[in-house]
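The following exercises introduce a protein structure to a new reader. Each task is followed by a solution in steps.

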Amino acid sequence: GRGLDPSIPIGVDGSLLQPGQSFMVDMGGNFYGYMGDMSRVFSIGRLPEKAYAAHQTCLEIQEAVAEKAKPGVVCEDLYNIAINMVTKAGFADNFMGTTQKAKFIGHGIGLEINEMPVLAPRMKQELEPGMVFALEPKIVLPGIGPVGIENSWAVTEEGVEKLTLCKEEIVEV
């Protein structure tokens with residue numbers, strides 16, 4: 001949505017949802033002082049097939065990034081994996097927004113919801129064991145709404161471990 005005010009031009013804008021549209025719920029949580037972050041997608045009835053293809057692309061990006069993420073990997077390299085995949089899938093124009101695009105695919109979480117590392121262009125920081133980050137590849141389809149995923153991940157000695165273990169498919173309501 002356009003948001004309730006021009007000062008924050010994202011989110012709920014008062015529009016009524018219609019059949020064939022999606023909406024995303026972004027949830028932050030706290031466990032003993034440490035933050036978690038996740039998003040899930042819901043739809044009003046069945047969405048156009050394009051939305052399911054875009055959502056699947058986001059799931060595949062998540063899988064590819066998680067497979068490559070491990071100590072010593074540079075954040076920018078993980079971002080580039082996502083950009084290459086979404087471009088090949090044909091959704092680059094709608095990746096991470098439409099008119100106001102986020103220039104990252106993930107961010108650190110810990111005592112705050114947005115910390116280092118940031119999975120973004122020009123971010124040369126390497127992943128280290130003990131870091132926790134939210135990975136959130138998303139695609140916004142005009143007239144339909146957002147699709148994609150966000151999960152929290154912990155960097156281990158060998159790779160990453162998913163901390164948010166909820167179903168990831170689009171839920172029809």
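**Exercise 1. Describe the order of the secondary-structure elements along the chain.**

Solution. Read from the N terminus, the elements follow the order β-β-α-α-β-β-β-β-β-β-β-β. Counting by type gives two helices and 10 strands. The model under study is a predicted one.

**Exercise 2. Determine whether the radius of gyration of the chain agrees with that of a compact globule.**

Solution. Step one is the expectation: for 173 residues, a compact globule would have a radius of gyration near 16 Å. Step two is the comparison: the chain has 16 Å, and therefore the value agrees with the expectation. As a further description of extent, the C-alpha atoms occupy a box of roughly 45 × 40 × 30 Å along the principal axes.

**Exercise 3. Characterise the burial, the contacts and the surface of the chain.**

Solution. Begin with burial: 40% of the 173 residues count as buried. Next, consider contacts between residues at least 6 apart in sequence; 59% of these join residues at least 24 apart. Then turn to the surface, where the chain exposes about 9400 Å², with carbon and sulfur atoms supplying 57% of that area. Finally, examine charge: there are 14 positive and 23 negative side chains, and the centres of the two sets are 7 Å apart.

**Exercise 4. Decide whether S152 is buried or exposed, and describe its surroundings.**

Solution. First, locate the residue: S152 belongs to strand β8, which spans residues 151-155. Second, apply the cut-off for burial, which is under 20% relative accessible area. S152 has 2% relative accessibility, so it counts as buried. Third, list contacts beyond four places in sequence: among those of S152 are G36, D37, I109, F133 and A134, as well as E161, K162, L163 and T164. One of these partners, D37, also offers its backbone oxygen, which the side chain of S152 reaches at 2.8 Å. By way of contrast, consider Q100, 52 residues from S152 along the chain: the C-alpha atoms of the two are separated by 24 Å.

**Exercise 5. Carry out the corresponding analysis for S22.**

Solution. First, S22 is placed in strand β1, residues 22-31. Second, its relative accessible area is 5%, and S22 is therefore buried. Third, with neighbours within four places in sequence set aside, S22 contacts residues including L17, V41, F42, S43 and L47. Its contacts also include I144, G145, P146 and V147. Fourth, the side chain of S22 reaches the backbone oxygen of P146 at 2.7 Å.

Note on methods: Residues numbered from 1 in each chain as written. Predicted model: local features only at pLDDT ≥ 70, side-chain atom pairs only at ≥ 80, totals over all residues. Heavy atoms only, no water. Helix = DSSP H or I, 4+ residues; strand = E, 2+ residues; numbered from the N terminus. Rg over C-alpha atoms; globule rule 2.2 N^0.38 Å. Buried < 20%, exposed > 50% of the residue type's maximum accessible area, 1.4 Å probe, protein only. Contact = heavy atoms within 4.5 Å. Areas by Shrake-Rupley, 256 points an atom, 1.4 Å probe, with all protein chains shown as cover. Lys, Arg positive; Asp, Glu negative; His and termini not counted. Charge placed at Lys NZ, Arg CZ, Asp CG, Glu CD. Polar contact = N/O pair within 3.5 Å; in protein donor to acceptor, adjacent residues only side chain to side chain.
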